[in-house]
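Here are some friendly notes to read alongside the coordinates. Please keep the viewer open while you go through the points below.

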Amino acid sequence: MSTRIHAALPHKKMSNLEKKEALTGYLFVTPYLIAFVIFTGIPFVSAFLLSFLNVKYITKLDGLKFVGLKNFVRMFASEETMAALGRTAIYSLIYVPVIMVLSFGLAYLLNKGVFFKKTIRSMVFLPYISNMVAVAVVFQLLLGPRGPFYLLQKFFGVEDPVLPLLSLKWALPTVVLISVWKSIGLNFLTYLGALQGVPVELVEAAQIDGASKWQQIKNVVLPAVSPTTFFLLISSIITSMQNFTVIQALTEGKPGQSTVVMSVNIVRTAFTKYETSYAAAQALVMFAIVMVITIIQWYGQKKWVNY
Amino acid sequence: MNLRKRERIGKWVLTIVMLVLGVLCIYPFLFMIASTFKPSGDVLSTPLQLIPKNFTLMNIETLFNNEYYNFGDWYWNTIVMTGITLLLKLFIITITAYGFAKIRFPGRDAIFLVLLAGLMIPGDIMIMPRYIIFKNLGILNTMWSLILPAAVDVYFVFLLRQAFVAIPDSISEAARIDGCSHFTIYRRMILPLAKPSITTMLLFSFVWSWNDYMGPYLYISDLNKQMLSVGIKLFAAGQAQDYGAQMAGATIVLVPVIVAFFFCQRYFIEGVTSGAVKG
């Protein structure tokens, strides 16, 4: 059915049958649309409004004032918030490359033909559907002072065994790696789906031409799955910034401030310090950063994505 | 012959490497499940035993039967919350998707485009406005503050619309001519035909609702109304020395999802590999 006919509909006189059809259509979608406006539409618009107001204590709306860019100026002047922004950057800069390379590598190897393919596939996917908080309890024990990781380091004669989640230096990278472990299943399966769509003849032709394994991957396989890489890159960058649950479950921002990233900072500003508008401004900046990165990727894709 | 043998050996080597990586992925789960049935003192014993030497059910008993934490309440709350979310989604998402896929009405495509734009909105930006809205609707500190936003998941409206569009119009149009109403076609023809897509939606929705932490953490304040994700953290912090009980807690939280995964692997995995679920 073409869109053009549709657009013309309201101008023409509708027959009774068409009217009845349209009415049924509205009846089907209206309940959803109302709920969508209440729980997504209004919150999204108010997120913008809040950032330019002076709301405190979340729901105290008297003495409301438009303060312009004050919240944003304050944000960029705050050392604490800038440090959190820096940690988010570090988080993303580790998370995105690691998850991209590992998920492709695993999918590539699995696709090359192994026994127990389905079992291995499920094993890698399992962390994705598990509850982060429950899993965090296990990791805290495994990586804790009496856990196997500590004992293993001692066993190998490491002089200062590290407690990764309690170390100022290692806590952030550790959290990132656990988060990679948790989410890799989705990227891995998506890659696997894409790899299964790469024509075998293409790879075989390269083989016959004497291309090395690395050349085959670089010149045949990677270009063939580049749309998937593009999609996963964008979604992984977004995931890497929405990391509140991972951090809160594993370290709650500790030790010190070493794992306070923007998502944690925003929630604290809003729900512990009750600076609603200031928190909204921070969230809006994060949204803008994601948008800018996505747009840059969108224009950059022409150079490396083959459709 | 020699080549084939070498290939076989290569395949086995790769298999072993991948199996080791796979076991590494599920090691925390193995450790957790094994520890559930060990006395706390044995949990961190070296060398690690995967099969409990002193089998016990004491930890599960501690979980549901202790003075401080109502693990049972949290469990029940999470079951009810997830159950209502799924029922609501099963109805509202499918009927909306049908409306956008099979019924002609003015403005349909424009409205759908606006919904699609909603896919781009990151959840983090809406946490405070939603708090204000929940408060005004009087659903703050109730499970409805978790259920209702989950029920308007745009993502699955989009997916199911795709699935419904793929079902040929000729089928529904023939039924229309025979005088069937849209609701009958939706219920008798489209829903049964799109069962795999709907199952995928229900499974992923189950996992997401069951595992949600941020929602209950921000919007539910009463301890007895809490959900498992928040509860397990409180419990683990409270029973800091009782490793066995902690692991039992983690296991019990994970069991429903793991069971669902074992029985419906096909839908989970095909949902992703076919490109249906992304994110």
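1. Chain B has 15 helices and zero strands. Please bear in mind throughout that this is a predicted model. Buried residues account for 46% of the 279 residues of chain B.

2. On overall dimensions, the radius of gyration of chain B is 24 Å, where a compact globule of 279 residues would have one near 19 Å. Along the principal axes, the C-alpha atoms of chain B occupy a box of roughly 75 × 70 × 35 Å. Looking at contacts in chain B with a separation of 6 or more, 75% of them are between residues 24 or more positions apart.

3. The domain assignment splits chain B into domain 1 (2–62) and domain 2 (68–238). Taken over C-alpha atoms, the centres of domain 1 of chain B and domain 2 of chain B are 36 Å apart.

4. Chain A also has two assigned domains, namely domain 1 (3–51) and domain 2 (73–304). Their centres, again over C-alpha atoms, are separated by 38 Å. How many residues of domain 1 of chain A are in contact with domain 2 of chain A? Four residues of domain 1 are involved, and they meet six residues of domain 2. On the domain 1 side, the residues are three nonpolar, one polar and no charged.

5. The interface between the chains deserves a careful look. Here 83 residues of chain A are in contact with 74 residues of chain B. Helix α2 (residues 16–51) of chain A supplies the largest share of the chain A side, with 20 residues. By class, the chain A side consists of 60 nonpolar, 19 polar and four charged residues.

6. One helix pair across the interface is worth displaying on its own. The axes of helix α8 (residues 171–196) of chain A and helix α15 (residues 265–273) of chain B come within 7 Å, with a crossing angle of roughly 65°. α8(A) is therefore roughly perpendicular to α15(B). From α8(A), the residues in this contact are A:L186, A:L189, A:T190, A:L192 and A:G193, and they meet B:I269, B:V272 and B:T273 of α15(B). The contact of α8(A) with α15(B) comprises five nonpolar, three polar and no charged residues. As a reminder when you look at such spacings, an α-helix has 3.6 residues a turn, so residues three or four places apart point the same way.

7. Is helix α7 (residues 144–151) of chain B largely enclosed or largely open? Seven of its eight residues are buried, so helix α7 of chain B is largely enclosed by the rest of the structure. The buried residues in α7(B) are B:S145, B:L146, B:I147, B:L148, B:P149, B:A150 and B:A151. Their cover includes α2 of chain A, along with α4 (71–102), α6 (127–137), α11 (195–211) and α12 (214–219) of chain B. Helix α2 of chain A thus comes up twice in this note, as part of that cover and as the source of the largest share of the chain A side of the interface.

8. The loop between α12 (244–250) and α13 of chain A holds A:P255, and a backbone check there would be sensible. A:K254 and A:P255 are joined by a cis peptide bond, with omega about -10°. A:E252 lies in the loop between α12 and α13 as well, and has a positive phi of about 55° although it is not a glycine. A:E252 counts as partly exposed because it has 13 C-beta neighbours inside 10 Å.

9. Another positive phi, about 60°, belongs to A:Y274, which is not a glycine either. A:Y274 sits in the loop between α13 and α14 (276–304) of chain A. With 15 C-beta neighbours inside 10 Å, A:Y274 counts as partly exposed.

10. Finally, please look at A:R268 in helix α13 (residues 262–271) of chain A. Why does A:R268 count as partly exposed? The reason is that A:R268 has 16 C-beta neighbours inside 10 Å. Eleven residues along the chain from A:R268 is A:A279, and the C-alpha atoms of the two are 8.3 Å apart.

Technical notes:
Residues numbered from 1 in each chain as written. Chains lettered and ligands numbered in written order. Predicted model: local features only at pLDDT ≥ 70, side-chain atom pairs only at ≥ 80, totals over all residues. Domains from an automatic or database assignment. Contact = placed C-beta atoms within 7 Å. Nonpolar A, V, L, I, M, F, W, Y, C, P; charged D, E, K, R; others polar. Helix = DSSP H or I, 4+ residues; strand = E, 2+ residues; numbered from the N terminus. Rg over C-alpha atoms; globule rule 2.2 N^0.38 Å. Buried ≥ 20, exposed ≤ 12 C-beta atoms within 10 Å, placed from the backbone. Axes fitted to C-alpha atoms, helices over the stretch in contact; angles between N-to-C directions. Parallel < 35°, antiparallel > 145°, perpendicular 65-115°, else oblique.
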